[in-house]
Each structure stands twice: as structure tokens, then as C-alpha cells.
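User: I'd like to practise reading a structure, one feature after another. Could you walk me through it?

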Amino acid sequence: MGKVLQVVANQLNASGYTLVQQSWIAIVDMDVTITPTATTSKVLVNFNCGGYNVLSSTAIHIRIKRDSTVVRECGRWAYDTNTDYSSLPISITYLDSPSTTSAVTYTIEMKVDLSDLHINRAGVTDGGVTIAQEIGA
């Protein structure tokens, strides 16, 4: 593995999302765009944020898209059966090979099976971050 050539980050410190449906929702405030300097470069993408679910069991699904292509998906990434508020830290990491020197945008998408999932709630779980690092070959 090579060395880090560049780092791009996006941090969300405002009120965030409540996911209550069973379809994928893009966490658009957490996109990162990076332009690799060589087609042989890898891009290490890391997303994490605080979250909690409310009053019911839920399974969290999370994925990373490069532009319109899903490059990593974790189905039922986390599951909780508590009948009250439950803290659910959320993260996903993927080492991608975009094979381009054009700008690529990485988007985080999430969905839940049941209940509600709250992420980046102001004053509660602020500070979600997405980081993309170009790794030279």
C-alpha cells in the first residue's frame, strides 16, 4: 500500500435526519468529492456519525455509492431490540479503486426496517463526518 496523497472531508454539525421509511435515503450533506491524481490510486472512504433509535427494534442498512454505483453495502449493519431510546454509533469504511483521474463523488445512503433512526440530531449526536483519502499505488 502506498502513501496518502490527499484528504477530503465533510462534517455535519447541524440538525440531521430522521429515517422512518424502508427506502434508501441519501445523506446528501455528507457527500465528499475527490479527484484522484492517478488511475492506479485507491480511495479510502470512511463515514461515521452518532445515532439513536426510538421505542422499537430496528435494523440499519448503510451503503456507499461512487457517483451512481453502489460500491459497498452492509445490510442489517446494526440491530437493536430495546424498547426505549438506544444509542447506535454508525460507521462504514471502504477501499475503492475508481480507476479514473476525474472527480468522483461518494455518497452515503441509509435505510431502516422498522421504527425511527435519528442521526446528527442537534445537541444530541452532532458531528457526523465523511472522509475520503487518496492512496497512491
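User: Let's begin with one residue: in which loop is S41 found?

Analyst: Happy to help, and please keep in mind that this is a predicted model. S41 belongs to the loop that links strand 4 (32-34) to strand 5 (42-49).

User: Is S41 buried or exposed?

Analyst: The idea is to compare the relative accessible area with a cut-off: under 20% is called buried. S41 has a relative accessible area of 3%, so S41 counts as buried.

User: Which residues does S41 touch, leaving out those up to four places away in sequence?

Analyst: Leaving those out, S41 touches L5, P36, S97, P98, E134, I135 and G136. With E134 there is also a polar contact between the two side chains, at 2.6 Å.

User: Now the fold. How many helices and strands does the protein have?

Analyst: The count is 0 helices and 13 strands. Read from the N terminus, the order of elements is β-β-β-β-β-β-β-β-β-β-β-β-β. To see how the chain comes together, look at contacts with a separation of 6 or more: 81% of them are between residues 24 or more positions apart.

User: Can you show me a pair of residues that are far apart along the chain, and where they sit?

Analyst: Take H61, which lies in strand 7 (residues 58-66). H61 and D113 are 52 residues apart along the chain, and their C-alpha atoms are separated by 8.2 Å. H61 has a relative accessible area of 10%, which means that H61 is buried.

User: What share of the 137 residues is buried?

Analyst: Buried residues come to 44% of the 137. As for the surface, the protein exposes about 6500 Å², with 47% of it supplied by carbon and sulfur atoms.

User: How do I read aromatic rings, and how many aromatic pairs are found here?

Analyst: In general, two figures describe a pair of aromatic rings: the distance of the centres and the angle of the planes. Here a search of the whole structure finds 0 aromatic pairs. There is still a ring to look at: the charged end of R63 sits over the ring of W24, 4.0 Å from its centre.

User: Last one: where is confidence lowest and where is it highest?

Analyst: As a general rule, predicted coordinates should not be read in detail where pLDDT is low. The protein averages a pLDDT of 82, and 74% of the residues score at least 70. Confidence is lowest in strand 2 (residues 17-19), with a mean of 66, and highest in strand 4, at 97.

Key. Residues are numbered from 1 along each chain as its sequence is written. This is a predicted model: local features need pLDDT of at least 70, side-chain atom pairs count only at pLDDT 80 or more; totals for chains, interfaces and linings use all residues. Side-chain values use heavy atoms; hydrogens and water are left out. Rings of Phe, Tyr and Trp (its six-membered ring) pair if their centres lie within 6.5 Å; planes under 30 degrees apart count as stacked, over 60 as edge-to-face and the rest as tilted. A charge sits over a ring if NZ of Lys or CZ of Arg is within 6 Å of the ring centre and within 35 degrees of the ring normal. Helices (H or I, at least four residues) and strands (E, at least two) are DSSP runs, numbered from the N terminus. Buried means under 20% relative accessible area, exposed over 50%, partly exposed in between (1.4 Å probe, protein chains only). A polar contact is a pair of N or O atoms within 3.5 Å; within protein, one must be able to donate a hydrogen and the other to accept it, and residues adjacent in sequence count only if both atoms are side-chain atoms. Contact means heavy atoms within 4.5 Å. Accessible areas come from the Shrake-Rupley method with a 1.4 Å probe; for residues, only the protein chains shown count as cover. pLDDT is the predictor's confidence in each residue, from 0 to 100.
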